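User: I'm new to reading structures, so please slow down for me. Could you pick one part and take a close look at it?

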Amino acid sequence: MNIPYLSDMSIQIPFDNSYARLPDHLFAKVEPVEVADPALITFNRRLANELGITMEGRAEDAELAQLFSGNALPTGAEPIAQLYAGHQFGHWNPQLGDGRALLLGEAVSSSGRYDIQLKGSGPTPFSRNGDGRAWLGPVLREYVVSEAMHALGVPTTRALAAVSTGQPVLRETVLPGAILTRTATSHIRVGTFQILAARQDLEGLKALFEYALARHYPQASDPLAFLNEVIKSQAKLITKWMSFGFIHGVMNTDNCTISGETIDYGPCAFMDHFHPMQVFSSIDRQSRYAYGNQPDIIVWNMAQLATSLVPLMPDTDVAVKEFTEAIHAMPAMIAENWKQAFAAKIGIQNLQDGDEALIQELLSLMAKQNTDFTNVFRALTNGTAQDQFTDRSAFSGWETQWKTRIASETDPVATMTAANPYIIPRNHQIEAMIQSAVDDDFAPFHRLNEALENPFVTDETFKDLTRPPAEEEKVHATFCGT
Ligand code: AMP
Ligand code: MG
């Protein structure tokens, strides 16, 4: 035991660590490894409040930096690294696990139960060849993008704090180290089930299943009902990604939650100009996780979950039959959600025949003319969309048809304003923000966070952040956070 517990702290976290009470081969007890000179970059006080974290007065930055760097542990924390496996780019990796993250424990309040996890806190038994650390860039990227996703109404892990460690991290070059504290309704992944099924650890699998059921879907009672709930949550989630032009970039089964929250903001990106098969991730060489493939990949991931649940069923043949039906029903469910979501983006609440064709026609015009995904939809709300198109006449034809159609909708502008954000975190702004932070200027980081807090509200102060990148500003590839 090296890391001290701070008992005289002004900050109190209402811990109740249920995962640490599961069979102990599901995790490893690990402590964070001390860092040289932690400094607080930011602390999300509003989120802390929601999680029932209390502070006597205003906790000092130095104390928060101690805590969220892992140099001290809050009373009640029981740090563990979680075990999981996963399919990475379709290839089975029999063991992954938290290689650079530690679950401090679960904060329980009237808002519910939330994992509090440090990311970048040092090596664990699951680090393989990694150093267990993170550098500043991915920490700030995850902070900004996950909080922006939350503000957009997308289920996601959230960011509670970011600290710099005062320690260099060696990647291709030497970079400043940092640690993110993130929260989630849990960090249980498809890969958490997969590893136990692959090891034929029926007892562990049962324990995890019962735990996940009680924590996330208490209304379900058996593996099939559970699978259907996860399918429903993930279908909703992927539809939200699609509707905001979000590309996750690394939809491996270890990055796919049971809760239906977005997790792992490595090489993710929001599209600027619309292309149905856009890819940013530098490691996604076969475009497996392209924008337009996401609805198919999530079905594939759910099939992996289903496979892992089979041993929990009394009759394998029946299980395979029922699970297969559940998986086969998923594409239609996603298609239906997608239609609703994109109809709202063009002001339609009550779907009619022909609406889908209208949506598809707009998307194909956008793809042909390389228009900005976010700005075209937002411009529909104020009648300026034609300015987004170079061939205005092609758009005008569509617009005439569309106006006729939405004449029968009640308040289409309100529908569109709620579905089409004014602002999203754009890649080139994120890259510029990271560059400034590396040069010790955190003002762009704070400004981005502020700008993204109310993404559906037009705010001229942040107009510059809504501009698509100029050719030379375009980010063509994003990189994993490792
Ligand atoms: P990710 O691509 O972030 O989902 O990570 C995939 C796996 O690699 C997970 O098991 C991570 O914990 C592990 N990993 C990623 N980066 C590091 C690192 N710097 N040190 C140790 N393990 C890491
Ligand atoms: Mg991951």
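Analyst: Let's look at the site around ligand 1, and then at the metal ion.

This is a predicted model, in which local features need pLDDT of at least 70 and side-chain atom pairs count only at 80 or more, while totals for chains, interfaces and linings use all residues. Residues are numbered from 1 along each chain as written, chains are lettered from A and ligands numbered from 1 in written order, and side-chain values use heavy atoms, without hydrogens or water.

Around ligand 1 there are 18 residues (each has a heavy atom within 4 Å of it). Gly 97, Gly 99, Arg 100, Gly 132 and Asp 264 are the closest. Sorted by class, the shell has eight charged, eight polar and two nonpolar residues; Gly counts as polar here, and Asp and Arg as charged.

Now for the polar contacts (N or O atom pairs within 3.5 Å). Arg 128 puts a polar side-chain atom 2.8 Å from an oxygen of ligand 1. A nitrogen of ligand 1 sits 3.0 Å from a side-chain N or O of Asp 131, and Gly 132 uses a backbone N or O, 2.8 Å from a ligand nitrogen. On its own, ligand 1 has 480 Å² of accessible area, and the protein covers 89% of that (Shrake-Rupley method, 1.4 Å probe).

Remember Asp 264? Together with Asn 255, Asp 264 is a protein donor of the magnesium ion, ligand 2, at 2.2 Å. Donors are N, O and S atoms within 2.8 Å of the metal (3.2 Å for Na, K and Ca), and with water left out, sites may look incomplete. Both Asn 255 and Asp 264 are buried, meaning under 20% relative accessible area (1.4 Å probe, protein chains only).

How values were computed: A polar contact is a pair of N or O atoms within 3.5 Å; within protein, one must be able to donate a hydrogen and the other to accept it, and residues adjacent in sequence count only if both atoms are side-chain atoms. Buried means under 20% relative accessible area, exposed over 50%, partly exposed in between (1.4 Å probe, protein chains only).
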